[in-house]
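The following exercises ask the reader to derive local features from a set of atomic coordinates. Each task is followed by a solution in steps.

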Amino acid sequence: MDFGGDTGLWQRKIAESLEGSARRMAIFEALAIETGQSILDLGCGGGHLVREIALATGDNGRVVGLDASAEQLKAAVELCADLPAVELIEGDATDLPFEDGTFDGLASIQMLEYITEVNRALDEARRVLKRGGKAAFISVLWEHWRFHGADPSLNDRMHHIWRAHCSHQMLPLEMPRKLLASGFNGIVRKPIAFFNGTMHENAFARWAAKIVAAFAVGKGVEEEDALLWLNQLSTANKEGRFGFVSVPVVTTAIAD
Ligand SMILES: C[S@@+](CC[C@H](N)C(=O)[O-])C[C@H]1O[C@@H](n2cnc3c(N)ncnc32)[C@H](O)[C@@H]1O
């Protein structure tokens, strides 16, 4: 999935949404971040988590955001321009440019499911963490990620096409086994499910629907069908019968 252009812009709107903030709160709770720590954010996107962590770890801390998309990083550089402890690096989570045992903590929000070789990314995550360092990964149970309110057959079609947007549909189910194999222990999972009942300007669903429609057009759906789906959701919203459900899961682990 390409996070450039409009998709990147809408993804950053998602990060700014109320539900985006809730995901960052969950990471803070899981990592128990302290002043002066060194923390790595894998797939940092527009830098929202990096910024909030750097405000917490302070000028004596070190916060590194790594992302594969130059456009996302450009937005992150702008967002974190006033924070000297922040470093933003273009790179791949499966091949990290850091020494062994560099970081006290590691976070990653909705990035692992886009990587084919998740095991390699988890091996790298373990390698760059200090022994006893904490990692917190948020991935989504995509089979339960669903818009409600559009015509059922068009809605099914859009969700079916959307499956191709990432490599792993149900990664939280696989995380404990994969983390143990990569040298983590103390694995705990916590769901942070949410429901949007309206598509206001700061709702996750408003921007996610645009991303789905654009992705579907890229996969060969007629533009008028994608627009029809968006209009049906908008009508359902006006009529008070719109809904959107997502079940992200925070998986926390300790480097053995
Ligand atoms: C859904 S966005 C999430 C961004 C951010 N974590 C947030 O919560 O707003 C996924 C991000 O992962 C990045 N990404 C995908 N594959 C990657 C890889 N192999 N290495 C590093 N970043 C990657 C994308 O460029 C994108 O910015």
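**Exercise 1: The ligand shell**

Task: State which residues come nearest to the ligand, and how the shell divides by residue class.

Solution. The model is predicted. The shell around the ligand holds 20 residues, of which Ala15, Gly43, Gly45, Ser69 and Ile109 come nearest. Next, the shell is sorted by class: 10 of its residues are nonpolar, 8 are polar and 2 are charged. Finally, the shell is assigned to secondary structure: helix α1 (5–16) and strand β2 (62–67) each contribute at least two residues.

**Exercise 2: The span of helix α8**

Task: Determine whether the span of helix α8 agrees or disagrees with the value expected at 1.5 Å a residue.

Solution. Helix α8 covers residues 204–218, which is 15 residues. The expected span is 1.5 Å times one less than the number of residues, so a value of 21 Å is obtained for α8. The C-alpha atoms at the two ends are 21 Å apart, in agreement with that value. Burial along α8 is then examined: the buried residues are Phe204, Ala205, Arg206, Trp207, Ala208, Ala209, Ile211, Val212, Ala213 and Ala216. After the helix comes Gly220, with a positive phi near 105°.

**Exercise 3: The packing of α5 and α7**

Task: Classify the orientation of helices α5 and α7 and give the handedness of their crossing.

Solution. The axes of α5 (residues 118–128) and α7 (residues 171–181) are 10 Å apart and form an angle of about 50°. Angles under 35 degrees count as roughly parallel, and 65 to 115 as roughly perpendicular. The two helices are therefore oblique to each other. The crossing of α5 past α7 is right-handed.

**Exercise 4: Positive phi outside glycine**

Task: For Ala32 and Gln110, give phi, locate the residue and decide whether it is buried or exposed.

Solution. Most residues other than glycine have a negative phi. Ala32, not a glycine, has a positive phi of about 50°. Ala32 lies in the loop between α2 (18–31) and β1 (38–42). Because 11 other C-beta atoms lie within 10 Å, Ala32 is exposed. Gln110, also not a glycine, has a positive phi of about 45°, and its place is the loop between β4 (103–109) and α5. Gln110 has 20 C-beta neighbours inside 10 Å and therefore counts as buried.

**Exercise 5: A contact of Leu66**

Task: Determine how far apart Leu66 and Ala93 are in sequence and in space.

Solution. Leu66 belongs to strand β2. Leu66 counts as buried because it has 23 C-beta neighbours inside 10 Å. Leu66 and Ala93 are separated by 27 residues in sequence, and their C-alpha atoms are 7.6 Å apart.

Technical notes: Residues are numbered from 1 along each chain as its sequence is written. This is a predicted model: local features need pLDDT of at least 70, side-chain atom pairs count only at pLDDT 80 or more; totals for chains, interfaces and linings use all residues. A residue is near a molecule or strand if its C-beta atom, placed from the backbone, lies within 6 Å of it. Helices (H or I, at least four residues) and strands (E, at least two) are DSSP runs, numbered from the N terminus. Ala, Val, Leu, Ile, Met, Phe, Trp, Tyr, Cys and Pro count as nonpolar, Asp, Glu, Lys and Arg as charged, and the others, Gly among them, as polar. A residue is buried if 20 or more other C-beta atoms lie within 10 Å of its own, exposed if 12 or fewer, and partly exposed in between; C-beta atoms are placed from the backbone. Axes are lines fitted to C-alpha atoms, for helices over the stretch in contact, and angles run from 0 to 180 degrees between N-to-C directions. Angles under 35 degrees count as roughly parallel, over 145 as roughly antiparallel, 65 to 115 as roughly perpendicular and the rest as oblique. A crossing is left-handed if the near helix is turned anticlockwise from the far one by less than a right angle, and right-handed if clockwise.
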